[in-house]
Amino acid sequence: MVKNSFVSVISQEEKEENRGSVEFQIFSFTNRIRRLTSHLQLHKKDYLSQRGLRKILGKRQRLLSYLSKKNKMGYKELINRLDIRELKTR
């Protein structure tokens, strides 16, 4: 439950920011991923939501990859702020 309160603090700060920025998109995808994950823990056979979750994960992964190439410090800060793992390098 600590993550939810932390995320709500971030969302209030980010509402005044640019909604089209890569950082805000990653933030909103992360919120949707957490919501869908908690939904799927209750409804294990909801395959359509599983597909949607995989699509959102792919979009967030591509955006994180773009951000890590363009702005390494911003990427590190966002990863720590949202408490998600770093991308695997190939």
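These legends accompany close-up views of a predicted model.

**View 1. Helix H3 and its neighbours.**
Let's start with helix H3, which covers residues 47–70. Its 24 residues reach 35 Å from the first C-alpha to the last, close to the 34 Å expected at 1.5 Å a residue. Buried positions in H3 include Ser49, Leu53, Ile56 and Gly58, and further along the helix Arg60, Leu63, Leu64, Leu67 and Ser68 are buried as well. Take a look at the partners too: the buried residues of H3 pack against helix H2 (22–42) and helix H4 (72–82).

**View 2. The largest nonpolar core.**
This core has 18 residues. Ile26, Leu64, Leu67 and Leu82 have the most contacts inside it. H2, H3 and H4 each supply at least two of the core residues, and H2 gives the most, with 8 residues. In soluble globular proteins, nonpolar side chains tend to be buried together. Ile26 is a handy place to centre the view: leaving aside neighbours within four places in sequence, Ile26 touches Arg60, Leu63, Leu64, Leu67, Leu78 and Leu82.

**View 3. Arg60, a buried charged residue.**
Arg60 belongs to helix H3. What is the nearest side chain of opposite charge to Arg60? It is Asp83, 11 Å away, and Arg60 is buried with no salt bridge. A salt bridge would need a side-chain nitrogen of Lys or Arg within 4 Å of a carboxyl oxygen of Asp or Glu. Beyond its neighbours within four places in sequence, Arg60 is in contact with Ile26, Phe29, Thr30, Ile33 and Ile84.

**View 4. The salt bridge between Lys76 and Glu86.**
The model has 1 salt bridge. Lys76 pairs with Glu86, and their closest N and O atoms are 3.2 Å apart. The pair links distant parts of the chain, with Lys76 in helix H4 and Glu86 in the segment after H4, 10 residues apart. Side chains of opposite charge can pair when their charged atoms come close. Are these two residues buried or partly exposed? Lys76 is partly exposed, at 32% relative accessibility, and Glu86 is also partly exposed, with a relative accessible area of 45%.

**View 5. The aromatic pair in helix H2.**
Here you can find the 1 aromatic pair of the structure. Phe24 and Phe27 form this tilted pair, with 6.0 Å from centre to centre and 45 degrees between the planes. Both residues lie in helix H2, 3 residues apart, which is about one turn of the helix. Phe24 and Phe27 are both buried.

Terms used
Residues are numbered from 1 along each chain as its sequence is written. This is a predicted model: local features need pLDDT of at least 70, side-chain atom pairs count only at pLDDT 80 or more; totals for chains, interfaces and linings use all residues. Side-chain values use heavy atoms; hydrogens and water are left out. Helices (H or I, at least four residues) and strands (E, at least two) are DSSP runs, numbered from the N terminus. The expected span of a helix is 1.5 Å times one less than its number of residues. Buried means under 20% relative accessible area, exposed over 50%, partly exposed in between (1.4 Å probe, protein chains only). Contact means heavy atoms within 4.5 Å. Lys and Arg count as positive and Asp and Glu as negative; His and the chain ends are not counted. A nonpolar core is a set of buried Ala, Val, Leu, Ile, Met, Phe, Trp, Tyr and Cys residues joined through side-chain atoms within 4.5 Å. Rings of Phe, Tyr and Trp (its six-membered ring) pair if their centres lie within 6.5 Å; planes under 30 degrees apart count as stacked, over 60 as edge-to-face and the rest as tilted.
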